[in-house]
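Reader: Hello! I am new to this structure and would love a close look at how its helices pack, with a word on the ligands afterwards. Could you walk me through it?

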Amino acid sequence: MNMHSTGVIDGEPKVRHDWTQKEAQSLYDLPFNDLLLRAHLVHRAMFDPNAIQRSQLLSIKTGGCPEDCGYCSQSAHHKTGLKASKLAEVERVIAEAKKARHAGATRYCMGAAWRSPKERDMDAIVAMVEGVKALGMETCMTLGMLTPHDTTRLKNAGLDYYNHNIDTSERHYKKIITTRTFADRLETLAHVRASGIKVCSGGIVGMGEEKVDRVDMLVTLANLPEHPQSVPVNLLIPVKGTPLEKEGKIDPLEFVRTIALARIMMPASDVRLSAGRTAMSAETQALCFFAGANSIFAGETLLTKDNPGEDEDAALFGRLGIKNAGARLRAP
Ligand code: SAM
Ligand code: DTB
Ligand code: SF4
């Protein structure tokens with residue numbers, strides 16, 4: 001992509017997989033207005049800047065997770081007071097998905113607090129994917145680590161996306177999670193990619209990381225063999241009883257810079273302004289949309305934590321002149 005002095009983009013932004021840490025860092029460190037203009041021009045060249053896609057989450061198996069992710073309300077290692085539940089009934093999941101479709105969500109994301117799915121659960125998981133897909137919605141699952149056998153089953157069931165976040169930089173990862181490695185995460189992503197399921201992978205901002213960690217996380221994602229088709233950027237929701245309960249206080253403009261860099265480095269991907277919107281001002285969210293976020297989670301609950309409800313989002317969209325996006329404008 002060339003940018004003329006008029007700010008007009010000459011041709012489509014290039015999808016690159018050879019980003020260096022240095023050039024990514026120098027983009028991140030640009031004067032705020034320069035960074036935002038660049039990101040917005042990329043955004044405009046690839047998407048309708050006034051349309052936001054909405055995904056809805058459902059926790060299909062809550063709590064009691066054997067992993068020790070320092071941010072998570074669902075880890076059995078932390079005392080968060082969350083009640084653990086069994087895997088949800090297939091019929092209930094489909095009924096909830098129907099409600100979400102009615103409220104305008106186009107993608108249904110089902111999450112389980114597992115290190116990895118057990119063979120005995122796979123029939124129900126497959127039935128959930130098939131049932132939600134039959135409603136005409138895109139399907140997404142996040143179930144922890146997968147083997148090639150699991151990804152083949154999910155692909156055959158019609159799963160569109162698999163969410164598996166790298167969460168932060170490789171350097172910072174060890175300080176947040178000890179029960180699995182950054183390399184484990186990349187391995188599951190490789191299995192998902194190989195199966196033809198679209199990848200949803202991003203991370204969390206505000207976990208006590210440094211700027212360089214936010215940049216490195218995006219360099220890792222952008223230099224994967226294919227860009228994740230969906231990149232969720234979460235603001236840490238500090239959860240009482242977790243090691244990160246005192247974190248999450250980050251300059252909102254640093255969060256906006258992270259969104260902008262994701263947009264520039266992965267121009268064709270959906271960039272989702274994900275967890276943490278209840279703690280964000282309307283102005284910060286508006287800047288995120290200008291910087292290239294083209295998707296949000298809708299509804300009053302994420303997996304276990306609060307999210308602005310439909311009314312609040314409708315009011316925000318009204319103030320910004322934003323409409324709900326249906327299908328994507330372009331495939332990455
Ligand atoms: N167990 C699966 C896994 O970890 O892959 C799926 C569920 S997990 C809750 C999905 C993602 O939610 C995590 O990778 C993390 O990025 C995000 N997340 C979890 N707790 C969060 C919090 N308190 N604040 C922000 N994001 C969070
Ligand atoms: C993602 O990146 N964010 C979503 C989804 N993928 C699964 C989850 C956010 C969870 C926020 C904390 C909670 O609700 O427990
Ligand atoms: Fe378990 Fe996922 Fe929470 Fe980690 S983020 S503790 S793997 S539910």
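Author: Here is a walk through three helix pairs, followed by the two ligands. This is a predicted model, where local features need pLDDT of at least 70 and side-chain atom pairs pLDDT 80 or more, while totals for chains, interfaces and linings use all residues. Residues count from 1 along each chain as written, chains are lettered from A and ligands numbered from 1 in written order, and side-chain values use heavy atoms without hydrogens or water.

Let's begin with helix H9, which covers residues 252–265. (Helices are DSSP runs of H or I, at least four residues, numbered from the N terminus.) Helix H1, residues 21–28, packs on H9 at an angle of about 130 degrees, and their axes are 9 Å apart. (Axes are fitted to C-alpha atoms over the stretch in contact; angles run from 0 to 180 degrees between N-to-C directions.) H1 is therefore oblique to H9. (Under 35 degrees is roughly parallel, over 145 roughly antiparallel, 65 to 115 roughly perpendicular, the rest oblique.) The two helices cross in a right-handed way. (The near helix is turned clockwise from the far one by less than a right angle; anticlockwise is left-handed.) On the H1 side you will find Ala24, Leu27 and Tyr28, and they touch Glu254, Arg257, Thr258, Leu261, Ile264 and Met265 of H9. (Contact means heavy atoms within 4.5 Å.) This contact has six nonpolar, one polar and two charged residues. (Asp, Glu, Lys and Arg are charged; Ala, Val, Leu, Ile, Met, Phe, Trp, Tyr, Cys and Pro nonpolar; the others polar.)

H9 also packs with helix H2, residues 32–46, at about 40 degrees and with the axes 9 Å apart. That angle makes H2 oblique to H9, and the crossing is left-handed. From H2 come Phe32, Leu35, Leu36, Arg38, Ala39, Val42 and His43, while H9 offers Leu253, Val256, Arg257, Ala260, Arg263 and Ile264. Nine of the residues in this contact are nonpolar, one is polar and three are charged. Look out for Arg257 and Ile264 of H9, which take part in the contacts with H1 and with H2.

The third pair joins H4, residues 122–133, to H5, residues 148–157, at about 30 degrees with axes 9 Å apart. H4 and H5 are therefore roughly parallel, and H4 passes H5 in a right-handed crossing. Here Met122, Asp123, Ile125, Val126, Val129 and Glu130 of H4 meet Asp150, Arg153, Leu154 and Ala157 of H5. The residues of this contact are six nonpolar and four charged, with no polar ones.

Now for the ligands. Ligand 1 has 18 residues around it, with Thr142, Asn165, Asp167, Arg185 and Ile237 nearest. (Around means a heavy atom within 4 Å.) The Arg185 side chain places an N or O atom 2.8 Å from a ligand 1 oxygen, and a polar backbone atom of Ile237 is 3.0 Å from a ligand 1 nitrogen. Of the 13 residues around ligand 2, Asn165, Asn234, Leu303, Thr304 and Lys305 come nearest. A polar side-chain atom of Asn165 lies 2.8 Å from a ligand 2 oxygen, and one of Asn234 also lies 2.8 Å from a ligand 2 oxygen.

Conventions: A polar contact is a pair of N or O atoms within 3.5 Å; within protein, one must be able to donate a hydrogen and the other to accept it, and residues adjacent in sequence count only if both atoms are side-chain atoms.
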